[in-house]
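Open the structure in your viewer and keep the selection box ready. This tour moves from one selection to the next.

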Amino acid sequence: MTALPAAADPRDPAFVEAQAAVRLLFFDFDGVFTDNAVFVFEDGREAVRASRFDGIGLRRLERAGVEPFILSTEVNPVVTARAGKLKIGCRQGLSDKIAAAREVAGERGLALGDCGFVGNDVNDIPLLRAVGLPLGVADAHEDIHPFVRWLTRRTGGHGAVREICDAIGAARGVEARYP
């Protein structure tokens, strides 16, 4: 697959065409919503860092007709907690993201070709290959680069999710606003 420019211009005809069919956009959590770092406390609890930019972007994505949904292999309850705060769907502790994506898409009457996925590491490659709009964050592992249509300018946990939501919203003519 030929990659689009390093960061998508929402006016680029190739991007407009690629995102036009997407109705459901899956996101990995660690390294996409977070900066891929983890804080480990003495008692074993873990905490992560996420961007507050993402919430407004996710609302724009929804107004553009695209449902956001987190799929994660991570078992830490912080994933579901963050999804709840953002008011988006989530499945975590997954051993097979493709099976989970097919199930979630199927519940909505969609095929994986009607979906996008934002990933950042090699375990995301199978799902990136299966969806209609494969995307990556700027600091994604280089091994996924051949499998994505474009990479964000912003890194995971630092507004990459917002950048994707804004690009799709802009490509669909949806204004940025709050709420």
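The stops below follow one helix, then its salt bridges.

This is a predicted model: local features need pLDDT of at least 70, side-chain atom pairs count only at pLDDT 80 or more, and totals for chains, interfaces and linings use all residues. Residues count from 1 along each chain as its sequence is written, and side-chain values use heavy atoms, leaving out hydrogens and water.

**Helix 4.** Select residues 97-107. Helices are DSSP runs of H or I, at least four residues; strands are E runs, at least two; both are numbered from the N terminus. Lys97, Ile98, Ala100, Ala101, Val104 and Ala105 are buried here (under 20% relative accessible area; exposed is over 50%, partly exposed in between; 1.4 Å probe, protein chains only). Look down the axis: these buried residues fall within an arc of 160°, so they line one face. The arc uses directions from the helix axis to the C-beta atoms. Now turn to the face away from the buried side: it carries exposed Arg102 and Glu107.

**Ends.** Select Asp96. Its side-chain oxygen lies 3.1 Å from the backbone nitrogen of Ile98, capping the N-terminal end of helix 4. Just after the helix, Gly109 has a positive phi of about 75°.

**Salt bridges.** The whole structure has 11 (side-chain nitrogen of Lys or Arg within 4 Å of a carboxyl oxygen of Asp or Glu). Select Lys97 and Asp28: their closest N and O atoms are 3.0 Å apart. The pair ties together parts 69 residues apart in sequence, because Lys97 lies in helix 4 and Asp28 in the loop between strand 1 and strand 2. Both are buried.

Finish with Glu67, Arg91, Glu103, Glu107 and Arg108, linked in a salt-bridge network.

Notes. Polar contact = N/O pair within 3.5 Å; in protein donor to acceptor, adjacent residues only side chain to side chain.
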